[in-house]
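This report looks at metal sites, a contact between two chains, and some unusual backbone geometry. Please keep the sequence and the structure at hand while reading.

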Amino acid sequence: MTADTMHSEYHQDTAFQPRANRLGLWFFIMSECFLFGAFLSARYFTTGTFRPEELNQKLALAITIVLLASSISAYLAEASMAHNERKRFALWTTVTIGMAGIFLIGVAIELYEATLHYPPGTPYGSAYFMLIGLHAFHVITGMVGLFIVLFLGMRGRFGSDNYWGVEGVVKYWHFVDLAWVLIYPTLYLF
Amino acid sequence: MRKSWIPVGILWLSYSVLMMFAVANFSWLPAEWSEEAHVVDSAMLLLQYLGAPVMALVLAVMTWSVIGWRDKGATRQDGENIHGHRGIVTGWLIITSLLAIYVVINPGFVGLAEIRGEPSSDHVITLHGQQFAWSVEYENGATALDELVVPADARVRYDVMSADVLHSFWIPAFRIKIDAVPGLTTQAYATATREGSMNDDVNLRIQCAELCGPGHARMALPVRVVSEQEFLTYIDNLKAGG
Amino acid sequence: MKYVARGLVLAVTGYLSGVALTVIINGNGATDELAVIAGYVLALIGWLAGVGGIEAFGRQWIGKTPKVSESQGWKRYFEFSIDHKVIGIQYGVTLISVLLIGGLSAMIMRIELASPGMGVVDLDDFNKIVSMHGILMVAVAVAGVIGAFGNYVIPIQIGAADMAFPRLNALAYWLLPPVAVGLLGAPFLGAFNAGWTSYAPLSVTNDSGQILFNLAIITFGLVSILGALNILVTVITMRAPGMTWGRLPIFTWAGFATSLLAFTVTQFFAAALVLVTMDRVAGTAFFSPDVGTGLLYEHIFWFYSHPAVYIMVLPGFGVILELVTTFARKPLFAYKAVVAALLSIVGLSVVVWAHHMFTSGMADFLHGPFMILTEAISIPTGIIFLSIIGTLWQGRLWFRTPLIVAFGWLFNFLIGGITGIFLADVATDIHLHDTYFVVAHFHYTIVGGAIFALLAATFYWFPKITGRMYNETAGRIFGIWVTLAFNATFIPLFWAGMNGMNRRVGDYPAAFEGANKFASVSALILGASFLLFVGNLLYSAIRGPKAGPNPWNARTLEWLVESPPSQHNFHSQPRIVGHPYDYGVEGSIHAHFPDEEPHAEEQREEVTV
Ligand code: HEA
Ligand code: HEA
Ligand code: CUA
Ligand SMILES: [Cu+2]
């Protein structure tokens, strides 16, 4: 075996690279969990479980449902690609991106209302802006990722035997969802 | 295998004895002016005594490495194939654990109880820290900016506050320290044991011990320990004068 | 160079457009902190795109195949190379340069501190220099051994051709220069004077240089996390056939343990600084004196920064253990116990952070548990010492420079560790906290533990990396010189601390003059020793005699290939058939190459002598 075949053995070996990628992604997600953990604990540290009356509970619940639903559509997008159904993939990815957009609009409304009732200069407001901001940043990066795989998918880059890019972005999207599942009760319920 | 135990053991013993002798005879500690200082210093001494044999062991091995185990003829041959020794590892674990447990209990919890325990006091003095000065407020409301006067042989509680950033209230001669945290009142206790002032010992001063900005280094205030009687007159005069 | 130039141009463009954009939108000045943030972020993106990100990642996102630098020779060190060996050298050279800059700032500090009163700098500038020294050095200590040698050695030690994510590896390295530029550029915005710890609220109210500190350190966190992730995945998925966990070389184990720690806690430093940044620019009030809680920052910060000290020193343990077995010609004593100790240090180090906060005013009931846990960590650390002692025991020690530096390490870290016990006891820490005793403790642990390991590792792997031997005599002189000078510098500072001198002060009572003068003179002698170090390495890298593949007769895989290793490290896939440290066992073999090439054959004979 020559040096070159060895190198390609590692990097183009279809069994190896997805395994490494998957592991890497899981580690990355774990690492992100600690980041969210830091901010979540900061919220409890500064304000305990205090929660202002003026929170817009209905809107929050609504966008939570939208975001959770977007996880399902993201899953469907991945499954479509696994079956080589490009059109359905494009459809479900677009739906996911759309729901993410709705979520972000909801968040923007909430932030606007927050500036009126519990501005960033108050302890709760500080925690609120920080957590919502951090999460929104993740939603936006997730959306960028979805756009990229949508674009690449339409150009035929993925197939049923080779869709790591889709899988990675969708897993990340599930994580963004999961983070919200922790942030929502932290800010609105406890 | 066996023959190294003897020289290393001898080295270990002699290093230990030497170090303990040094600890006993050459104190590095500054003068004590409070009961707490005595607790802290005894703890420090105890730790030095306990640390001596641990250091001595490693030093003994290092010394014998150079003398006894050096590959003198530069033969570049391999040493013995010793992979480990269950008994030694277990023994080491047990001894170091016992040592650690002992240290936690003795200077640790015992000292902690003596320094921070028992929330009773004869006097309360409040200290306000701000960039870059201390102001002292006595129990009768009198305030001073030029020095801190403390009664001897009385337990004083210091309430420490800050108006801007973190500071730290530290009197080295008393060996007590507590941070001044904006938004909190923190407390420290000390019982001064003898009279004196910063002229007798530089460590009779409050030194800010938490980086607080450009003036941090000079955020200090002289401390004067007087008899309880003098202390009471001092604060009364202060009140009348202010 | 072309790529670096392009990166610089794009970075400057990015910075200017970020600033311009904010100025237009907000109408504030160009040094407004929001403008600096926008500028920094765009500059960072521009830089990464310029140095090779466009080819390596951008092309893929628009559906083309990625390209990376394939140059050979000197050029590849200035390009987006994905070869882990090139990246290791890039880390090494960058960080040793930073070490010298940080050391130079220490020299200024020591000159100022040689006598009471103010001499060369004023009080505020002194604090700024301390802060700069602290953070630069912490960065070197965190990334030094693991960035340089972790990258270079770990893939070879496990029998892999490269890291699991070579492009990510390169990306992580290229994030490092902006960190250095950000920190060193802070003086243009007034520098930062809150210490490397940057405690809030001071770090909320000080000069704007603090914002660059925050951004640079958040970037540095990213370097750490991405690097750690890469090492974890590499060690898990890319071990050669037969390389079981029980046969993993100890340096690789140490790197693995370090990475476990780095990728879980580094976020906390970033998080703490994000909060500070938000307080500065977004109007939040986490640390404002009237609403916020002053202790929040300290808790989050130390949740990272205590484990960080182990991130610094664990790779050092790996290096020293590796060296001691090689030069004692004996198997590593109690290999399994050492691995268990490394992993339990990882576990314990995340639950001891509040030992930095014994005088912070946190609730008294927390003192006890944190004291217990802190003392507990000395038990696994003790196992490392036991292993070193056991390995030296009855060895046939070959006192070459790496071993001499390792002996310096052993002595220094012992003192550092034992003085750590003084600090871990609440009773004594109440007096010692924030004094020069702490300064001396952590120089003994960080310099004694991490930097000495970096120096030892540099000598040890130098012949492998350059293919040439350093000058042995100069090396030995340096090893002894640096150890003596280092001890002469910091021993007096223990005395100063115990006797009432606090840290981070440009001026002090005259009573401490003697100790400080002694320390300052020794520090200059210590600084001078580094000229010998750098000189020796630079000269030997070009002129040194050829070292051959295995000058130390070592057994781990990196010594079984030529020096420097070929592009993909191995000519054929090694199969691991035995323990890496079976010194003294007749005919034992660590690895076996199915496609034996002539030179590999020679080596195996040498190893099994
Ligand atoms: C590489 C870096 C490093 C390492 C390894 C350590 C190791 C240890 N450190 Fe240190 N420390 C720092 C870097 C480091 N530290 C820094 C940078 C600071 C200051 C930060 C700042 O404020 O700027 C600091 C500050 C610091 C403090 C806070 C002081 C204060 O500000 O008030 C404390 C308190 O507990 C402490 C304790 C310890 C302990 C118990 C260990 C232990 O892990 C040591 C364990 C080792 C041994 C004990 C020796 C070997 C063991 C044996 C031979 C076995 C037998 C021994 C026994 C059973 C006791 N350190
Ligand atoms: C890796 C970590 C590391 C290293 C290596 C060092 C190295 C040194 N440090 Fe430092 N130090 C810290 C980490 C480190 N330090 C930290 C974290 C702090 C706390 C900061 C804070 O409080 O926030 C600190 C603080 C600190 C203080 C306390 C300041 C104060 O509290 O007021 C002092 C004082 O003496 C000091 C001194 C030194 C000295 C003399 C060296 C020497 O070892 C340096 C040796 C010299 C060199 C390495 C370079 C020599 C180079 C030349 C002479 C020129 C050659 C140049 C070229 C070839 C270009 N350091
Ligand atoms: Cu106040 Cu330092
Ligand atoms: Cu610590």
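In chain B, the loop between β1 (123-130) and β2 (133-137) contains B:F132. The bond that joins B:Q131 to B:F132 is a cis peptide bond, with omega at about -5°. The model is a predicted one.

## Backbone geometry

Most peptide bonds are trans, and most residues other than glycine have a negative phi. The residues in this section are exceptions of one kind or the other. Chain C has a cis peptide bond between C:A200 and C:P201, where omega is about 0°. C:P201 sits in the loop between α6 (176-185) and α7 of chain C.

That loop between α6 and α7 also holds C:S198. C:S198 is not a glycine, yet its phi is positive. C:R504, likewise not a glycine, has a positive phi and is found in the loop between α16 and α17 (513-543) of chain C. The table lists the backbone angles.

| Residue or bond | Angle | Value |
|---|---|---|
| B:Q131 to B:F132 | omega | about -5° |
| C:A200 to C:P201 | omega | about 0° |
| C:S198 | phi | about 50° |
| C:R504 | phi | about 55° |

Are C:S198 and C:R504 buried or exposed? C:S198 is buried, its relative accessible area being 0%. C:R504 is buried as well, at a relative accessible area of 7%.

## The iron atom of ligand 2

Which residues coordinate the iron atom of ligand 2? They are C:H133 and C:H443, each through its NE2 atom, at 2.0 Å. C:H133 belongs to helix α4 (residues 123-157) of chain C and C:H443 to helix α15 (residues 436-466) of chain C, so the pair ties together parts that are 310 residues apart in sequence. The site of this iron atom has six donor atoms, with angles of 86 to 179° among them, and is octahedral. C:H133 and C:H443 are both buried.

## The copper ion

The copper ion (ligand 4) is coordinated by the ND1 atom of C:H306 and the NE2 atoms of C:H355 and C:H356, at 1.8 to 2.1 Å. The spacing of these donor residues in sequence is H-x48-H-H. C:H306 lies in helix α10 of chain C and C:H355 in the loop between α11 and α12 of chain C; the two are 49 residues apart, and the pair links distant parts of the chain.

C:H306 has a relative accessibility of 5% and counts as buried. C:H355 also counts as buried, at 13%. The copper ion (ligand 4) is separated from the iron atom of ligand 1 by 4.6 Å.

## Where chains C and B meet

How many residues does each chain bring to the contact? Chain C gives 89 residues and chain B gives 84 residues. About 7,500 Å² of area is buried between chain C and chain B, and carbon and sulfur atoms give 68% of this area.

Two salt bridges are counted between chain C and chain B. One of them pairs C:R396 with B:D71, whose closest N and O atoms are 3.9 Å apart. There are also 18 residue pairs in polar contact across this interface, both residues being at pLDDT 80 or more.

Several helices of chain C each supply at least two residues of the side that touches chain B, among them α4, α10 (294-328), α12 (367-392) and α16 (472-498). The largest share of that side, 12 residues, comes from α12(C).

Key
Residues are numbered from 1 along each chain as its sequence is written. Chains are lettered from A and ligands numbered from 1 in the order in which they are written. This is a predicted model: local features need pLDDT of at least 70, side-chain atom pairs count only at pLDDT 80 or more; totals for chains, interfaces and linings use all residues. Side-chain values use heavy atoms; hydrogens and water are left out. Donors are N, O and S atoms within 2.8 Å of the metal (3.2 Å for Na, K and Ca); water is not among the atoms, so sites may look incomplete. Four donors count as tetrahedral if all angles lie between 85 and 135 degrees; four count as square planar and six as octahedral if opposite donors are over 155 degrees apart and all others between 65 and 115; anything else is irregular. Helices (H or I, at least four residues) and strands (E, at least two) are DSSP runs, numbered from the N terminus. Buried means under 20% relative accessible area, exposed over 50%, partly exposed in between (1.4 Å probe, protein chains only). Contact means heavy atoms within 4.5 Å. Buried area is the accessible area (1.4 Å probe) that two parts lose on being put together, summed over both. A salt bridge is a side-chain nitrogen of Lys or Arg within 4 Å of a carboxyl oxygen of Asp or Glu. A polar contact is a pair of N or O atoms within 3.5 Å; within protein, one must be able to donate a hydrogen and the other to accept it, and residues adjacent in sequence count only if both atoms are side-chain atoms.
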